[in-house]
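Thank you all for coming. I would like to take a few minutes to walk through a structure that is new to most of us, and I will begin with one of its loops before moving outwards.

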Amino acid sequence: MSFRKVLASVFVLAMALLVVAPGVEAKSGRIERRIALTATSAGRAIDASGSARFRVEGSRQDLRVEVEARVAAGTRLSVYVTHGGTTVKAGTITVNSLHEGELELKNYDGKRLPAGVGPVNTIAKVTVKNANGTVILSGSF
């Protein structure tokens with residue numbers, strides 16, 4: 001096999017791995033996965049966008065959900081996670097004057113994950129809802 005064919009094969013394999021596992025990083029036992037949250041029609045109406053990330057390193061776990069939305073400062077948004085067919089409320093994001101907000105949950109530094117949120121690496125879906133319970137953002141890991 002020529003060098004060119006070997007190089008092309010390696011390139012194709014590398015691209016296939018990126019498609020199969022986007023946003024996954026594994027370094028020395030660390031697992032990290034990121035997703036972009038997609039706006040629903042209600043989310044698009046307020047220019048909502050966001051992302052979610054979970055990280056596991058040994059027994060340490062954390063989940064971060066970030067949101068931007070054109071809403072009044074102080075607006076509260078509810079974050080839900082689904083895994084194992086069960087959906088639970090993970091917490092609340094309060095949007096600041098820059099139209100941004102985040103929820104960070106962890107099980108270290110004296111913190112505990114809310115009931116039903118862990119293990120974070122089994123979360124299949126993240127959903128963000130407004131005060132009326134309307135989904136504005138969602139995404140799947």
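Let me start at histidine 99, which is found in the loop between β6 and β7; helices and strands here are DSSP runs, with H or I over at least four residues for a helix and E over at least two for a strand, numbered from the N terminus. Before going further, I should say that this is a predicted model, in which local features need pLDDT of at least 70 and side-chain atom pairs count only at pLDDT 80 or more, while totals for chains, interfaces and linings use all residues. Residues are numbered from 1 along each chain as its sequence is written, and side-chain values use heavy atoms, with hydrogens and water left out.

Histidine 99 has a positive phi of about 65 degrees, although it is not a glycine. Its relative accessible area is 35%, and therefore it counts as partly exposed, given that buried means under 20%, exposed over 50% and partly exposed in between, with a 1.4 Å probe and protein chains only. As background, most residues other than glycine have a negative phi, and most peptide bonds are trans.

Which residues does arginine 70 contact, once its neighbours within four places in sequence are left aside? They are Ala45, Ile46, Asp47 and His99, where contact means heavy atoms within 4.5 Å. Arginine 70 has its place in the loop between β4 and β5, and it is partly exposed at a relative accessible area of 48%. From arginine 70 to histidine 99 there are 29 residues in sequence, and their C-alpha atoms are 5.7 Å apart in space.

One of those contacts, aspartate 47, lies in the loop between α2 and β3. Aspartate 47 also has a positive phi, of about 50 degrees, without being a glycine, and its relative accessibility of 49% is why it counts as partly exposed. While we are on backbone geometry, the peptide bond from glycine 118 to proline 119 is cis, with omega near -10 degrees, and proline 119 is placed in the loop between β7 and β8.

Let me now step back to the overall layout. The protein has two helices and nine strands, and along the sequence these follow the pattern α-β-β-α-β-β-β-β-β-β-β. Of its 141 residues, 33% count as buried, and among contacts between residues at least 6 apart in sequence, 52% join residues at least 24 apart.

Turning to how the strands pair, which requires that DSSP finds at least two bridges between them, β2 (residues 30-39) and β3 (residues 49-57) are antiparallel and share eight bridges. Within that pairing, isoleucine 31 stands opposite valine 56, and arginine 33 stands opposite phenylalanine 54. Strand β3 is also joined to β4 (residues 60-68), again antiparallel, by nine bridges, and serine 51 has glutamate 66 of β4 as its bridge partner. The hairpin of β3 and β4 has two residues between the strands, and glycine 58 there takes a positive phi near 65 degrees. On β2 there are, in addition, two bridges to β9 (residues 135-140), in the antiparallel sense, with alanine 39 opposite leucine 137.

What lies inside? The largest nonpolar core has 30 residues, and those with the most contacts inside it are Leu63, Val65, Val117, Val126 and Val128; such a core is a set of buried Ala, Val, Leu, Ile, Met, Phe, Trp, Tyr and Cys residues joined through side-chain atoms within 4.5 Å. The elements that give it two or more residues are β2, β3, β4, β5 (76-83), β6 (86-94), β7 (100-106), β8 and β9. Not counting residues up to four places away in sequence, valine 128 touches, among others, Leu37, Val65, Leu77 and Ile136.

Threonine 127 lies in β8 (residues 125-129), and it counts as buried because its relative accessibility is 11%. Beyond residues up to four places away in sequence, threonine 127 touches Ser78, Val79, Tyr80, Val135, Leu137 and Ser138.

I will close with two charges over rings, meaning that NZ of Lys or CZ of Arg is within 6 Å of the ring centre and within 35 degrees of the ring normal. Lysine 129 lies over the face of tyrosine 80 at 4.6 Å from the ring centre, and the charged end of arginine 60 sits over the ring of tyrosine 108, 3.7 Å from its centre.
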